[in-house]
Amino acid sequence: DPVEVRIACKDKNGKGCAKEIYSQIFSEDIGTGTIEIMDNAGVKNVCTVGVYIDNTPPDKPVLKNNYENTWTNNSYTIVATSMDKTSGIKKFQYRFPDSAVASEKEWHDYANSSALPMEKKDFVTTSFTKERNEAVEIRACDYAGNCSETTKSVIKIDKSEPYIDLALSGTRGNDN
C-alpha cells in the first residue's frame, strides 16, 4: 500500500518556510526516499527519509528433492531455495493440498527458516517420514506478509514390508 510521509519545515535564518508541512506519497519498494523543502527565500533542501515498503513477494522457491516422484522406504528432506530483495524471508511454509487430513491442507511454518534481504537462502526442510503418495507445496513469505508462488514436489514414502496372501486352488494329489 502507498505510504504518505510528512515532515515539518524549520528555517534557521528566520525567514520562514514556504510551507509548514511537506508530504510525499511513496509506493515503490524502497528503503529511503527524498522530500524537497524550501524556505521563503527560495533556498531548497532535500531531506532523506526512511521509507520501508515491500509489495513484492519472494522468488518462487526452487526445490531439490532427490526422490522426486520416486518411491523410497526412507525418510528424507528437501532443499528449498528462494530470495527476497526488500524485507527478507521471514519463513518457509509447507502444506499437503490433497491430503485427506484437514490440518495437513493448512500452511505450516518451518522453524528457523528466515533470510536477510538479498540473501539466497538454501533451506533444508525437516524430514518427511510419514508414508504417503502426495504432493507437498512449499512457499517463502517475507517480513511484509507477501508470500511467493508455491512450488510442488511429490513425496512417495512406503516403509511397509510386502506380504504374501497365498490361496491354493485345485484338486489334491494322491500324496496330498
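## The three-stranded sheet

In this predicted model, 3 strands come together as an open sheet, ordered β5-β6-β9, with antiparallel pairing. The two edge positions go to β5 (62–64) and β9 (121–124); each has a single partner strand, so one side of each is left without a neighbour in the sheet. From one strand to the next, the twist averages 25°.

Let's look at one of the pairings. Strand β6 (residues 79–82) runs antiparallel to β9, and 4 bridges join them. If you want a spot to find it on screen, try S82: its bridge partner in β9 is K121. As a general reminder, strands of a sheet pair through backbone hydrogen bonds, either parallel or antiparallel.

## A buried arginine

Next up is R132, which sits in strand β10 (residues 132–142). Is R132 buried or exposed? R132 has 9% relative accessibility, and the cut-off for buried is under 20%, so R132 counts as buried.

What does R132 touch, leaving out residues up to four places away in sequence? Its contacts are W71, F96, E104, I155, K156 and I157.

## The largest pocket

The largest pocket holds about 180 Å³ of space. Its lining is made up of C9, K10, D11, K12, N13, C17, I37, M38, D39, V43, K44 and N45. Two elements, β3 (32–38) and β4 (44–50), give two or more residues to that lining.

Sorted by class, the lining of the largest pocket has 5 nonpolar, 5 charged and 2 polar residues. K10 and D11 are among the residues you'll find there.

How values were computed:
Residues numbered from 1 in each chain as written. Predicted model: local features only at pLDDT ≥ 70, side-chain atom pairs only at ≥ 80, totals over all residues. Heavy atoms only, no water. 1 Å grid on protein atoms, 1.4 Å probe; cavity = no way out; pocket = protein on both sides within 12 Å on 5 of 7 lines; lining within 4 Å. Points joined across faces, edges and corners; volume = space filled by probe spheres on them. Nonpolar A, V, L, I, M, F, W, Y, C, P; charged D, E, K, R; others polar. Pairing = 2+ DSSP bridges. Axes fitted to C-alpha atoms, helices over the stretch in contact; angles between N-to-C directions. Buried < 20%, exposed > 50% of the residue type's maximum accessible area, 1.4 Å probe, protein only. Contact = heavy atoms within 4.5 Å.
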